[in-house]
Every structure is written in structure tokens, then in C-alpha cells.
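Open the model in your viewer and keep the sequence panel beside it. This tour moves from a sheet to the helices and ends on a single side chain.

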Amino acid sequence: MLRTVNRVVLGLAGAVLICAGGAALAAGLDLDVPAWWPWRGSDTALLGDSARTRWGRPAVVAVLALLVLLALWWLMAQLRRHRLAEVLIDSRDGESAVLRGRALEGAAEAEAEALDGVTRARVRLTGRRTAPSARVSLLLEPHVSPDEALARLRDGALRHARESAGLPELPAEAQLRAAKHTARRVT
């Protein structure tokens with residue numbers, strides 16, 4: 001979702017800047033503009049006298065305040081962590097234990113890399129503390145079948161991570177890529 005918000009914000013900011021720049025350029029160069037055009041020359045004010053006294057200033061302040069709040073929300077979304085820092089585990093004694101997210105990621109990565117045919121594995125936990133999900137990226141050797149690698153990942157590393165954390169389920173999204181290999185020279 002953040003990727004979509006970034007694209008929309010950048011598209012809107014670009015459109016606003018292009019329109020404002022074109023309007024300022026047209027006004028500054030005293031070009032022939034349509035009758036509905038808000039600026040007629042370089043000495044024209046953005047808001048007329050009646051707008052400045054009655055509704056103009058509060059409307060401009062409200063729009064600018066809204067833009068500042070949206071910009072701050074967008075900045076906070078950019079700075080937010082995309083990784084799950086900790087997983088809340090039910091210890092079945094009325095208390096809860098906390099497991100570091102990186103520890104669970106590291107254990108799952110090590111077990112996934114130990115699978116036959118896996119060159120490199122990366123595991124990232126996302127979601128909520130009580131309901132985490134995993135994003136797994138596997139780099140497979142060229143001879144490995146993707147469905148076999150997925151089955152071993154599901155039955156091995158992901159199942160062990162789910163059971164060791166005491167989670168009822170651990171949804172996962174896997175991205176598989178094949179490692180490039182060079183052709184051998186036959187002599």
C-alpha cells in the first residue's frame with residue numbers, strides 16, 4: 001500500500017508543480033491567456049480584494065494546514081519500520097513472552113539456506129506482533145524444481161518457525177529466483 005501512496009503523492013505533487021509553474025510562467029511572460037485564467041499579468045494578485053477579506057485567508061490557511069498534515073503523515077509512513085521487531089508468544093500461563101523478530105528471521109533463514117538446492121535465503125517478518133507473516137526470498141540453483149523447493153520450505157523452515165514461536169499460523173509469501181550459471185567450456 002505504501003508503494004501506491006508514494007506513487008499517488010509523487011504524481012499529484014508533479015501535476016501541481018507543473019500547473020503552478022505553467023501558470024507562473026504564463027503570468028510572468030504576459031502571454032495571451034483565456035478569460036477564465038486567474039492571472040492576467042505579472043502584477044496580478046492571486047486572490048482578489050473580496051476573497052482576501054472574506055473567505056480567502058481562512059481557506060488558504062486550511063488548505064495549507066491540510067497539506068502540512070498530509071506531508072507529515074507521508075513522512076512518518078516513510079520512516080516507519082517495515083520489519084516486525086518482536087513477536088508476542090502465548091506462554092500458556094497467563095503471561096506473554098516476547099521473541100525478537102530478527103532471531104526468528106535468522107533461524108528461519110539458516111534452515112532455509114540449508115535446504116538442498118538453495119543458494120541464498122532471506123526471511124523478513126511483517127504484520128502485527130500477535131499475527132506475523134513472513135516474506136521469503138530464495139535463490140535456487142538451476143537444477144532445483146520450484147515446487148519441490150516450496151514444499152521443503154513449507155514443511156521445514158516455515159513449519160519449524162511457526163511451531164517454535166507457538167503461532168497458530170504463519171502465512172508466508174515466497175519469491176523464488178534461479179541463480180545464474182555460466183556454461184562450462186568443454187575441451
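Start with the sheet of this predicted model. Select β3, β4 and β5: these three strands form an open sheet, in the order β3-β4-β5, with mixed pairing. Now colour the edges. They are β3 (118–127) and β5 (172–178), and each pairs on one side only. Look along the sheet next. Ignoring direction, neighbouring strands are turned against each other by 15 degrees on average.

Zoom in on one pair. Select β3 together with β4, residues 132–140. The two strands run antiparallel and are joined over nine bridges. For a landmark, pick R120: opposite this residue stands L139 in β4.

Now add the helices. Show α4 first. This helix lies across β3 and β4, and runs at about 155 degrees to β3. Then show α5, residues 146–165. Helix α5 packs on the sheet and touches β4 and β5. Its direction makes about 135 degrees with that of β4.

Last stop: a residue in α4. Select residues 101–113 to display the helix, then pick E109 within it. Is E109 buried or exposed? E109 is buried, because its relative accessible area is 19% and the cut-off for buried is under 20%.

What does E109 touch, leaving aside its neighbours within four places in sequence? Select A121, R122, V123 and R124: E109 is in contact with each of these. Keep β3 (118–127) coloured as you do so, with α4 lying across β3 and β4.

Notes:
Residues are numbered from 1 along each chain as its sequence is written. This is a predicted model: local features need pLDDT of at least 70, side-chain atom pairs count only at pLDDT 80 or more; totals for chains, interfaces and linings use all residues. Side-chain values use heavy atoms; hydrogens and water are left out. Helices (H or I, at least four residues) and strands (E, at least two) are DSSP runs, numbered from the N terminus. Buried means under 20% relative accessible area, exposed over 50%, partly exposed in between (1.4 Å probe, protein chains only). Contact means heavy atoms within 4.5 Å. Two strands pair if DSSP finds at least two bridges between them. Axes are lines fitted to C-alpha atoms, for helices over the stretch in contact, and angles run from 0 to 180 degrees between N-to-C directions.
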